[in-house]
Amino acid sequence: MKPIQIEDADPSHYDAIIAGGGAGGLLTGLALTAEGKRVLIIEKADRLGGVWHSYWVDGYRVDNGLHVITRVKHGAFARFMRNHLTPPPEFVLHEGWQFRVHDKVGTIPSSVGETLRWPLTGLRGRLGLMKIGAKIKTMKLEEMKTYKDISFLEFMQSRGATNQVMLDVMQSAIYMAAGVGIDKASAYESLRTLKDTDKESGKLKSAVKLIFGSEGDYDEGYVIGGMEGLIERVIEAINGDYILNAPVEAIHESEEQVTGITASSRTFDHSLIISNIPLWAMDKIVQTDSTLISQFFESNSKMVPTHGLTMWLGLDKVMIGDRKNRVLVHPNPNRWIVSISSFDPSCAPEGKELVAIAMLPIPGKSVDEQVQVMKSNGLEKYYPNLLDHVEMEHIQTSYATRAQLIPGQTDLDRPGPGTPIKGLYLLGLTLLDLE
Ligand SMILES: Cc1cc2nc3c(=O)[nH]c(=O)nc-3n(C[C@H](O)[C@H](O)[C@H](O)COP(=O)(O)OP(=O)(O)OC[C@H]3O[C@@H](n4cnc5c(N)ncnc54)[C@H](O)[C@@H]3O)c2cc1C
């Protein structure tokens, strides 16, 4: 795929126009290329990739958003990459989890015996974990659906599963899948993640392993070369063109059929448009006289996205040095600590280390205050000299382009790729079908 100027674009040269060139738009372009189609991607930013982005800060390469990809060996993403990129991208696998609750460190129990010896809770907590684990493991999807409108915490309380340490560990696991804590996350989505019923969105297999234990390695990893390297390869493999710095202002419809798209005041006629624009912005972009169509986009514009705060630290020497994901559960708030350069040394100068620390944002606190919380409250205690070796510090506040998996926004509530407009499809927030 090559860049072109908006003035040079002729819509009749393309089988589809993709609005927005984030991961969703690019992977769709790749899938359409495999079908022998040619695409035009129209992107408002000055680069492709959206949240999938790496950049350099003082000699360290940080990623915006995506850090460790789930399902790099098995599942749809891995298959998609194997089928569409030759050779497939190389991933370095994650080596496991370490949950720290005050001074106790627990890895993931891989058997009932290990659960019973799990150091993070007392015997009552372990027995409670086994009981609720067995319940969830045997629960059918139909039963899970009946819990879509209550929070996971409410579900746990209704089952008498109230051991605080167990809930706190679950909080850190569920947050990564749902983008919110257990008091807000839909019980249905949490249960589905824990049971891993949905191969596409059951993001946190590690949580399953944590809570129920299972054999095998961790199907999570970091792509060599960072997200930027992956994007470059995807861009190269797509058949078509792209236009940068061209915000899509309108998508047009007539008699429930998409007719064209306007970007930077230029309108292109087309009958197949795929939108990677966040769903909550689409009500202002879709131009229609139909009440039914307006209602569809208006109701979906109310979706609440997830938020994240990441602190990147460049250390003048290697302090952590392994590929484990560490979660400080207590003292609160929970934080995830990953040594990114241990996966891919090319993202830090030789002999140095790049560490990412992520946290659920604390409402009402400024970014500076939250950064202070991240640095204190456990970090200094567990890695006493780490902060003395910081030579690069970079803070990212961003929203993930995913919807919070809360009641009212579960996969049962969200639209699929189809819309009431023929020829207009949605990506990103909706589940991207990689099959
Ligand atoms: C902090 C953070 C950590 C994450 N960690 C992980 C992780 O560890 N593992 C994992 O699997 N996922 C993770 N994610 C999620 C993952 O990165 C995103 O879900 C994914 O990259 C989103 O892709 P997308 O294409 O849906 O959206 P985006 O990347 O937002 O793409 C949308 C594109 O559309 C463009 N656009 C928007 N409006 C217009 C317009 N009007 N006209 C033209 N173009 C427009 C945007 O500029 C952008 O390029 C994380 C996300 C964040 C923020």
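This report describes the fold, sheets, core and unusual backbone geometry of one protein chain.

The model is predicted, and for that reason local features need pLDDT of at least 70 and side-chain atom pairs count only at pLDDT 80 or more, while totals for chains, interfaces and linings use all residues. Residues are numbered from 1 along each chain as its sequence is written.

## Overall form

The protein holds 15 helices and 22 strands, where helices (H or I, at least four residues) and strands (E, at least two) are DSSP runs numbered from the N terminus. Its radius of gyration is 23 Å, close to the 22 Å that the globule rule gives for 435 residues, so the protein is as compact as a globular protein of that length; the radius is taken over C-alpha atoms, and the rule is 2.2 Å times the number of residues to the power 0.38. Taken along the principal axes, the box filled by the C-alpha atoms is roughly 65 × 55 × 40 Å.

Of the 435 residues, 45% count as buried; a residue is buried if 20 or more other C-beta atoms lie within 10 Å of its own, exposed if 12 or fewer, and partly exposed in between, with C-beta atoms placed from the backbone. Among contacts between residues at least 6 apart in sequence, 71% join residues at least 24 apart, a contact being a pair whose C-beta atoms, placed from the backbone, lie within 7 Å.

## The nonpolar core

The largest nonpolar core (a set of buried Ala, Val, Leu, Ile, Met, Phe, Trp, Tyr and Cys residues joined through C-beta atoms within 7 Å) has 108 residues, of which Ile17, Ala19, Leu26, Ile42, Ile174 and Ile357 touch the most other members. Helix α7 (residues 164-178) gives the largest share of this core, 11 residues. When residues up to four places away in sequence are not counted, Leu26 touches Gly21, Leu48, Ile231, Val234, Ile235 and Ile238.

## Sheets and strand pairs

Two strands pair if DSSP finds at least two bridges between them. In one open sheet, 6 strands follow the order β1-β11-β3-β2-β15-β22 with parallel pairing, and its edge strands, β1 (2-3) and β22 (424-426), each pair on one side only. Inside this order, β3 and β11 are parallel partners, with Ile41 opposite Tyr242 in β11.

Another open sheet has 4 strands in the order β14-β13-β12-β16, and its pairing is mixed. Its edges are β14 (266-269) and β16 (286-287), each with a single partner strand, so one side of each is left without a neighbour in the sheet. Strands β12 and β13 run antiparallel, and Ser254 stands opposite Gln257 in β13.

Strand β18 pairs with β8 in the parallel sense and with β19 in the antiparallel sense. Of its 7 residues, 6 are buried, so β18 is largely enclosed by the rest of the structure. Towards β8, Gly96 stands opposite Lys324 and Trp97 has Asn325 as its bridge partner; towards β19, Arg326 stands opposite Ile337. Strand β8 also pairs with β9, in the antiparallel sense, and there the bridge partner of Arg100 is Val105.

The bridge counts for these pairs are listed below.

| Strand | Partner | Sense | Bridges |
|---|---|---|---|
| β3 (residues 39-42) | β11 (residues 240-243) | parallel | 4 bridges |
| β12 (residues 248-254) | β13 (residues 257-263) | antiparallel | 6 bridges |
| β8 (residues 96-101) | β18 (residues 324-330) | parallel | 6 bridges |
| β8 | β9 (residues 104-106) | antiparallel | 3 bridges |
| β18 | β19 (residues 335-339) | antiparallel | 4 bridges |

## Backbone geometry in the loops

Most residues other than glycine have a negative phi, and most peptide bonds are trans. The following sites depart from this pattern.

The hairpin of β18 and β19 has 4 residues between its strands; Pro333 is found in that loop, and the peptide bond from Asn332 to Pro333 is cis, with omega near -5°. A cis peptide bond also joins Thr86 and Pro87, with omega about -10°, and Pro87 lies in the loop between α2 (75-84) and β7 (91-93).

In the hairpin of β8 and β9, with 2 residues between the strands, His102 takes a positive phi near 50°. Glu256, in the loop between β12 and β13, has a phi near 65°, and it counts as partly exposed because it has 15 C-beta neighbours inside 10 Å. Ser265, in the loop between β13 and β14, has a positive phi of about 65°, and with 10 C-beta neighbours inside 10 Å Ser265 counts as exposed.

Definitions and conventions
Two residues are in contact if their C-beta atoms, placed from the backbone, lie within 7 Å.
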